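Welcome! Let us walk through a protein model together, going from the whole chain down to a pair of residues.

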Amino acid sequence: LGKPAAADLKLGLATGPVLFACRQFPEMNAMIMRRFSKPGDVERARKYVLQSDGVQQTTYLAQRYCHEATREIRKLRPSPEREALIQLTEMVLVRDK
């Protein structure tokens, strides 16, 4: 979340949106296995991600885990450290870079 489009693809990484998109576009499996190394792989994979609900599913998953983490952190004794951990989980969801 919050990263430039296709940055991970250019590095050969299959992140959440790509893996979720792969469910709808199984032809992405081959691109993932070769780490998007063939000409056109990155742009084609990016297109599939945009046509899928991969970004939305990844956002939902991130929100779910962040809420769960916050719920567990709130069980700790109140302290500046506890509040910092809660802020950190919230920052993951709204980061720009």
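The paragraphs below begin with the overall fold and then turn to two residues in their surroundings.

Please keep in mind as you look around that this is a predicted model. Start with the secondary structure: the protein has six helices and zero strands. If you follow the chain from the N terminus, the elements read α-α-α-α-α-α.

Next, consider the overall dimensions. The C-alpha trace spans about 55 × 20 × 20 Å along its principal axes. The radius of gyration fits into this picture: the protein has 17 Å, whereas a compact globule of 97 residues would have a value near 13 Å.

How much of the protein is buried? Buried residues account for 30% of the 97 residues. On the outside, the accessible surface comes to about 6,800 Å², and carbon and sulfur atoms contribute 58% of that surface. Charges are part of the picture too: there are 17 positive and 11 negative side chains, and the centres of these two sets lie 4 Å apart. As for how the chain meets itself, take the contacts between residues at least 6 apart in sequence: 51% of them join residues at least 24 apart.

Now let us zoom in on threonine 58. You will find this residue in helix α5, which covers residues 54-73. Is threonine 58 buried or exposed? Its relative accessible area is 15%, and because buried means under 20%, threonine 58 counts as buried. Its side chain reaches the backbone oxygen of glycine 54 at a distance of 2.8 Å. Setting aside neighbours within four places in sequence, threonine 58 is in contact with Gly16, Pro17 and Phe20.

Our second stop is glutamine 24, which sits in helix α2, residues 16-24. With a relative accessible area of 41%, glutamine 24 is partly exposed, since that class lies between 20% and 50%. Which residues does glutamine 24 touch, leaving aside its neighbours within four places in sequence? They are Ser52 and Asp53.

Aspartate 53 deserves a further look. It is 29 residues away from glutamine 24 in sequence, yet their C-alpha atoms are 8.7 Å apart in space. A polar atom of the glutamine 24 side chain lies 3.1 Å from the backbone nitrogen of aspartate 53.

To tie the two stops together, turn the model and find both places: threonine 58 of helix α5 with its contacts Gly16, Pro17 and Phe20, and glutamine 24 of helix α2 with its contacts Ser52 and Asp53.

How values were computed. Residues are numbered from 1 along each chain as its sequence is written. This is a predicted model: local features need pLDDT of at least 70, side-chain atom pairs count only at pLDDT 80 or more; totals for chains, interfaces and linings use all residues. Side-chain values use heavy atoms; hydrogens and water are left out. Helices (H or I, at least four residues) and strands (E, at least two) are DSSP runs, numbered from the N terminus. The radius of gyration is taken over C-alpha atoms; the globule rule is 2.2 Å times the number of residues to the power 0.38. Buried means under 20% relative accessible area, exposed over 50%, partly exposed in between (1.4 Å probe, protein chains only). Contact means heavy atoms within 4.5 Å. Accessible areas come from the Shrake-Rupley method with a 1.4 Å probe; for residues, only the protein chains shown count as cover. Lys and Arg count as positive and Asp and Glu as negative; His and the chain ends are not counted. The place of a charge is taken as NZ of Lys, CZ of Arg, CG of Asp or CD of Glu. A polar contact is a pair of N or O atoms within 3.5 Å; within protein, one must be able to donate a hydrogen and the other to accept it, and residues adjacent in sequence count only if both atoms are side-chain atoms.
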